[in-house]
Amino acid sequence: MSDRMDCSSDEDDFLVVAATQPGIGQPSRHVPESNVFSHNPVVNRLRYAQDSSTETASNGPGWSCPACGPVHNGVLQGNRVSAAELRRFSQACKFCAVVLQAIIFHHPEGPNASVGAIQDWTEAVIFDSQGGALKVTYTTRSWTDALEPELRLQFHADKAYTEDVAPWAIFLDEHPICQNLFADACWTRVRGWLDSCVAQHTLCPFDQQTDLPTRYVSISTSLHGPPSLRLCETKTGEKGRYAALSHVWAASKASIFKTFKTNLQTRRTQIQYNDMPKTFREAVDICIKLNIASLWIDSICIVQDDTTDWQTEASRMGSYYASAYITIAAHPTERLSTATGQREVDTAVDNGCHLIRANHFSATISGEDSITPVTVFAHKTYNHRQFTQRSLGDGRSAYFKRGWCFQERMLAPRILHLTESEAIFECNSALRCECGGVESVTQPSSSHPGPLKPLLANALRLCQKQPSPSTQDVCARETVLKAYYHLIRDYAEKHLTKSTDLLPALSSIASNLAVVLGDEYHAGIWESDKYTGLQWTSYWGTDFGTNGREDCSRHGVGTYVAPSFSWASRQGGVSSILNGFASLDPEGSEHWEYASVEIKCDRAGLDPFGQLAGGYLKIRTCGIPVVCGDFAGPAQWGQMKLTGDGIRGEGLFQVDAREDVPLVVAGPVVCLELKRAKVTKRWLDEGAWVFRGGRMVYEGGEGEETVSMGAIVVIPADERTWRRVGFVMCSRYLRDWGMQEYVIV
């Protein structure tokens, strides 16, 4: 940012009686229940705003102005003002002055940073009010950006509503967030979430003994000194209750505390608590708090330089998380990169499991009567939308971007998410958070199916009811397939340190679903529904504005992940799979005829759902030569036009990866018909509308017959094989193109 806003001002002296930072473990005071239900905050805001004595324009320093006025008027939608306007209004409005100070305190660049003073609508502050809560967003994104703002704050006051201390006391303190997770007020809430889940949720397993992982960290508490830890080997038939840790390796420093063949025996004897990274230590502390004596951590419990052990244990990881009593999800500390404008993991710090949260803004101010003091708090809030929406630009935290974390989160029955700002509890049936804001994002809509965990949990419950693989239960198969395709749309965007982990990191979910589907699994595509699975398209992010999404790209040179007909052959978003989900028996579909397709994949290890060594698809169909050249919109959308003598008009298709674009332009390109409509159409030849007999008529003969088709777009891989670069839906002329066999690798 260029000009920065200087927040020192002579007029600021009226504002703060005492600015404080709450001490560790100090919660805000709860509002008495009688006060919560006996006052309507919206009505009180309306009455307050109608009081002309609060207007600042004519009466000097006051509590309302054009920037914050709609909040007091009960407007629940966001009221956007530029940062420059907020700075100007704060000179005479006590309410805006408090908001400005809180933004400066919590700004991502640090508590001493200033808020920019750009005189436009790009750098802005958005006021929002819902159910008595004040939420403020600071952003330097444009009005139409889909990118996540730099800062979200929620304000509350520490007093019950009284007319003497308006307006801050209207924002009731229903969701205090302590700085210390183990503070009584905070831990009681967290423990209540867990106990309620165990006792009441039918989709979540009860508190029962389960098979322990192959290895686990045994925890023994000590009255004096740190806990005693060692790596235990599970005995045959041994059962117990354990927790699992889900973490981002770069943030948790896991790479410096791995188990190898050389230190395996030593760790069987003892693991030094103080030698472990902070994330691991605090996970142990949480286990002790929950009276759990066993903890599974991947980097410790898997021998990292033993290929056989890694492949075996990697295939079991899903079951380990699925059987854990609770999974502790340590979200990394992040910072806003000045170079890219994107959020990145701050590898310079290890904040562990965020047992101690960052300081909250706190200021004690005088009320409207200038006598009664009110303490106002402002804390960062988490982006709850990422629990339900797959596409959030740079608004997703690093935890939600990681491939391994996705499977861990989906399969774990209960997860305690520990973030910089608050704790969030997620299970197969519910979402709970400390600030209370997560409830507003959990409802399904046309743009997202709602939380994915309940969707998968319901599918897995159907799998558990199947005594043996069955393809006869159509209802169960449809539920499982739809859940799987929703998961793929989310998972395909995730990041992996090793691209070869793309299929292994999903293998546990796939193996569970295979119980119902009961067929072969080809690089992310089910044999029984292969015609749907082959109709995927890449999603480069065509949302308007800049949304921070990365282009779809091929895996690194020399790295084999999957054959090109699979969505796993490239990195990036996947769309349109569900669009082809018209029938569970596509060969007998009412509307389409399908080409003969055979798929074979060679696995690289022991896991039938894991890493691959090769694969191919054979299709007997007609091949229609086409030409591609122009983009159908901005190049970053990746959508290209497709024309040819056999194509009526032009087709539009999404290129699978950015590396494919020059190859597609250079050609040759062929469309391999995967499906075609059973109903044909005949279009009129070029003609003209003329006036005949007092009316307009079209003169022209009947044209060539056409048929709608869905085709795999391919380019030559070598003299005998082809490589997929896209999928297109278009119309072709019904000519005899000839049938032959094509091999896609």
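**Figure 1. Ser 246 of β10 sits opposite Ala 329 in β12.** This close-up, like the others here, comes from a predicted model. Five bridges tie β10 to β12, and the two strands run parallel. On the β11 (residues 294-296) side, β10 is joined by two bridges, again in a parallel arrangement. Here Ala 243 stands opposite Leu 295 of β11.

**Figure 2. Strand β10 is covered on both faces.** On one side we have Ala 243, Leu 245 and His 247, on the other Ala 244 and Ser 246, and all of them are buried. That's five of the five residues of β10, so the strand is largely enclosed by the rest of the structure. Helix α14 lies across β10 (243-247), β17 and β18, and runs at about 145° to β10.

**Figure 3. β10 belongs to an open sheet of eight strands with mixed pairing.** Reading across, the order goes β8-β7-β11-β10-β12-β17-β18-β19. The edges are β8 (228-233) and β19 (431-433), each of which pairs on one side only. Neighbouring strands in this sheet are turned by 25° against each other on average, ignoring direction. As a general reminder, strands of a sheet pair through backbone hydrogen bonds, either parallel or antiparallel.

**Figure 4. At the β19 edge, β18 and β19 run antiparallel.** Three bridges join β18 (residues 423-427) to β19. One pairing to look for is Glu 426, whose bridge partner in β19 is Leu 431. Helix α7 (residues 184-200) packs on the sheet here, touching β12 (326-330), β17 (414-418), β18 and β19. The direction of α7 makes about 5° with that of β18.

**Figure 5. Helices α12 and α14 pack with their axes 6 Å apart.** The angle between α12 (residues 307-323) and α14 (residues 403-411) is about 40°, which makes α12 oblique to α14. Their crossing is right-handed. From α12, the contact draws on Trp 310, Ala 314, Met 317, Gly 318, Tyr 321 and Ala 322. From α14 come Trp 404, Gln 407, Glu 408 and Leu 411. Sorted by type, the contact residues of α12 and α14 come out as seven nonpolar, two polar and one charged.

**Figure 6. Helix α14 is buried from end to end, with nine of its nine residues counted as buried.** The list runs through Gly 403, Trp 404, Cys 405, Phe 406, Gln 407, Glu 408, Arg 409, Met 410 and Leu 411. With every one of these residues buried, α14 is largely enclosed by the rest of the structure. Two views shown earlier bear on this helix: α14 packs against α12, and α14 also lies across β10, β17 and β18.

**Figure 7. Ser 507 is buried, with a relative accessible area of 1%.** This serine has its place in helix α17 (residues 507-517). Leaving aside its neighbours within four places in sequence, Ser 507 is in contact with Ser 315, Gln 407, Asp 607, Phe 609 and Gly 610. You've met one of those partners already: Gln 407 is among the α14 residues that contact α12. Gln 407 is itself buried.

**Figure 8. Ala 476 and Val 516 are 40 residues apart in sequence but 7.1 Å apart in space, C-alpha to C-alpha.** Ala 476 lies in helix α16 (residues 474-491). This alanine is buried, at a relative accessible area of 2%.

**Figure 9. Lys 530 is a buried lysine, with a relative accessible area of 8%.** The cut-off for buried is under 20%, so Lys 530 qualifies. Lys 530 lies in helix α18 (residues 530-533). Neighbours within four places in sequence aside, Lys 530 is in contact with Ile 525, Val 597 and Ile 599.

**Figure 10. Stepping back, the chain holds 19 helices and 37 strands.** Buried residues make up 55% of its 745 residues. If you take the contacts between residues at least 6 apart in sequence, 70% join residues at least 24 apart.

Conventions
Residues are numbered from 1 along each chain as its sequence is written. This is a predicted model: local features need pLDDT of at least 70, side-chain atom pairs count only at pLDDT 80 or more; totals for chains, interfaces and linings use all residues. Side-chain values use heavy atoms; hydrogens and water are left out. Axes are lines fitted to C-alpha atoms, for helices over the stretch in contact, and angles run from 0 to 180 degrees between N-to-C directions. Helices (H or I, at least four residues) and strands (E, at least two) are DSSP runs, numbered from the N terminus. Angles under 35 degrees count as roughly parallel, over 145 as roughly antiparallel, 65 to 115 as roughly perpendicular and the rest as oblique. A crossing is left-handed if the near helix is turned anticlockwise from the far one by less than a right angle, and right-handed if clockwise. Contact means heavy atoms within 4.5 Å. Ala, Val, Leu, Ile, Met, Phe, Trp, Tyr, Cys and Pro count as nonpolar, Asp, Glu, Lys and Arg as charged, and the others, Gly among them, as polar. Two strands pair if DSSP finds at least two bridges between them. Buried means under 20% relative accessible area, exposed over 50%, partly exposed in between (1.4 Å probe, protein chains only).
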